[in-house]
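Reader: I would be grateful for a close look at a single part of this model, set out as one connected account.

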Amino acid sequence: MRIFKVIAEDFLFYMAMAGRMTIFFFRAIAAAATPPYKISEIIRQLDFIGARSMFVILFTGLFTGMVLGLQGYHLLKNYGSVAALGAGVGLSLVRELGPVLTCLMVIGRAGSAMCAEIGIMRNSEQIDALECMAIDPVRFLIAPKFIATLISVPLLICIFGVIGIFGGYIVGVQIFDVSWGGYFQSLYDSVGWDDLRMGLWKSLVFSLLIVWINTGKGYFLHMERDGGFGAEGVSRATTGAVVLSSVSILVMDYLINALMI
Amino acid sequence: MKLDGSLYLSSEEIVIEFQGVEKSFGEQLVLDGIDLTVMKGETLVIVGASGQGKSVILKHMLGLMSPDGGKVNVLGKDITKIGRRELTEVRKRFGVLFQNAALLDSMSVFDNVALPVRERTDYTEGEIAKLVMDRLEMVDLEGAGDKYPAQLSGGMRKRAGLARALVLDPEVVFFDEPTTGLDVHKSNEIYRLFRKTRDRLGYTAVIVSHDAPKIFKLADKVALLAEKKIQVLLPPEKFQLCDNPTVRSFVLATMGPVYDSAREEVMA
Ligand SMILES: Nc1ncnc2c1ncn2[C@@H]1O[C@H](COP(=O)(O)OP(=O)(O)OP(=O)(O)O)[C@@H](O)[C@H]1O
Ligand SMILES: [Mg+2]
C-alpha cells in the first residue's frame, strides 16, 4: 500500500510541476511578446547570453570543424572522394552539431547562471518583493531573458556553423590536399535550404527550451521537493536545470530529425 | 468572537479582515483560527515571540501565502480568490517592508527606491530623481544612493526598504520589524518619520515589531500572537492592563514591573 502512496505522491508532484512550468512558459511568452519592452535589460541580457558566449562558441566551433575535417578527410580518402569533405563538414554542422553543441555551451555558460540568479532572488524574497510592489516578476525578470536568448542563440549557432566550416577548410585544404574549389563547391551543392531550415527550427526550439527550463527551475525553486533551501538548494536546482535542459535538447533533436526527415 | 468589539463598523471602512485563518506547513500548525480587523487609518501592531507566525500573518495579508482555512479580505477583496490582475491592482495601494528588506541586490539603492516609480508611473527621470532623493533623505540615506545592498549595514538596508515602501505614497503599509537592527536614535527617527508620513498620507498600517513597549506609542491597536492564535486585539493602554495571563506575561517580560504598579493603581 505504501508504495502506491509514494508513487501517487510522485505522480501528483510531477504533474503539478509540469502544470506550473507550462503556465510559466505561456506567461513568459506573453510578457515577451507584448510591450512595454525593457530595452536596457534586454541589451544587458544580450550581452551576457550572446556577446560573452562569442569566444567559447568561436573556439568550440573552430575545433569541431577541424575535427570534422580530420575525420572526414581520412574517411573520404578511402573512397577517393576527398572533394566531398565540404559537404560532410557543412551538413553535419548546419543540421546537427551547430545547434546541439552551441546550445550545450550556452546552457553551461548562461543557462546555469540564469537559474542561479533567479533562484537566489526567489530564496531571498526578492521575487515576493517585486510582486508586492505590483511589478510582475515574469515580465520584469524572465521576459528579457526569453527575448535575449531567442535572439542570441540562433545567431551564435550561425557563427558556430561558419567558423566550423572554416575549421574544416583549414584542415582539409590547408593541411591536407583537398582543393579550395572542391571543398566549397561540394559544400554549396549539398547544403540546401532544407538543411538551413532544419537548423533554424532547431535553433528556435532549443533556445526556448534553454531559457524556459533554466529560468523556470530557478523561479519555482521554493516548490522543489527538498525545499530548495539556501545555497545548496540553489546549486542543486542549477545542476538539475543544466542536466534537464541538456537532455531535453538531445531528445528534442531526435524528435525534430524524426519529424523533418 | 470579536475581540475588539468592532461589530457595528461599516464594511467599507474595514481594510483588512481575517476570519478564522488557518495555516500549516507540512505537519506544523502555525496559525489556528486567526481573527483580525484593521480599520481605515488605523495602525495595528502585531507582537509576539519569535517564530510564532507574525511574518506568516503579514504574508497572508499580502497575498503571498494562502490560508488552508478561513478568509482573508483586503481592501474589500477576498485576496485568495481574486486573479493575478486584480491582485496587482490591490497591491498598487500597498507599501511593504520585508523582514529582511528584500532589496534587489543587483541594483543600487537609488534604483531600488526608484523601481516602483519607474515601473508603475510615467514620471520623467528628473522627477524620479527628485522623488527618490527626497525619500532617501527622509531615511537618512542620501549619501548611499550609489551603494549596492550588499555594501550596506543591516539597519541601512531596513531604511532603504522603508524608503522604497513609501516612495509612491501607499494607502496601506506593512512593515515587518521596521526598527529591528537599528540603534535607539535611528529607531526613534523611524518612529518620528512613521508618524509624520502617516499624518500626511493617512495610511493604514500593520506593523510587526519586537520593540514593545516603544512601538505602542504608534499603535491604535495591539494584537498579541501566541499559541497559534491572536490572544487579544486591544488599544495599547488596555493591552498593557489586560488580564489575559499570556498578555500579562508578555507585558511583564517586555516592560518590567514598572507597569505592574500602574495596573494595581487602576485595579484599586
Ligand atoms: N515558507 C515556510 N515554510 C515552512 N515553514 C514556515 C515557512 N514560513 C514560516 N514557517 C514557520 O512558521 C513559523 C512562523 O514563522 P514566522 O516567520 O511567521 O515567525 P515570526 O513570528 O515572524 O518570527 P520572528 O519574530 O522571529 O520574525 C515558524 O515556525 C516557521 O518555521
Ligand atoms: Mg518575522
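Reader: Taking chain B as that part, how much area does chain B expose, and what share of it do carbon and sulfur atoms supply?

Author: The model is a predicted one. In it, chain B exposes about 12400 Å², and 49% of this area is supplied by carbon and sulfur atoms. Of the 268 residues in the chain, 52% count as buried.

The fold of chain B consists of nine helices and 10 strands. Its radius of gyration is 19 Å, close to the 18 Å given by the globule rule for 268 residues, so chain B is as compact as a globular protein of that length. Along the principal axes, the C-alpha atoms of chain B fill a box of roughly 60 × 45 × 40 Å. Where contacts in chain B link residues at least 6 apart in sequence, 63% of them join residues at least 24 apart.

As to charge, chain B carries 36 positive and 39 negative charges, and the mean positions of these two sets are 2 Å apart.

The interior may be described next. The largest nonpolar core has 99 residues, and the members touching the most others are I16(B), L36(B), I57(B) and F174(B). Helix α6 of chain A, residues 137–175, contributes the largest share of this core, with 15 residues. One of the residues named above, I57(B), is in contact with F18(B), L31(B), I34(B), L36(B), I46(B), L225(B) and I230(B), neighbours within four places in sequence being left aside. Another core, of 50 residues, lies apart from the largest one; L97(B), A144(B), L193(B) and C242(B) are among its members.

Definitions and conventions: Residues numbered from 1 in each chain as written. Chains lettered and ligands numbered in written order. Predicted model: local features only at pLDDT ≥ 70, side-chain atom pairs only at ≥ 80, totals over all residues. Heavy atoms only, no water. Helix = DSSP H or I, 4+ residues; strand = E, 2+ residues; numbered from the N terminus. Rg over C-alpha atoms; globule rule 2.2 N^0.38 Å. Buried < 20%, exposed > 50% of the residue type's maximum accessible area, 1.4 Å probe, protein only. Contact = heavy atoms within 4.5 Å. Areas by Shrake-Rupley, 256 points an atom, 1.4 Å probe, with all protein chains shown as cover. Lys, Arg positive; Asp, Glu negative; His and termini not counted. Charge placed at Lys NZ, Arg CZ, Asp CG, Glu CD. Core = buried A, V, L, I, M, F, W, Y, C linked by side-chain atoms within 4.5 Å.
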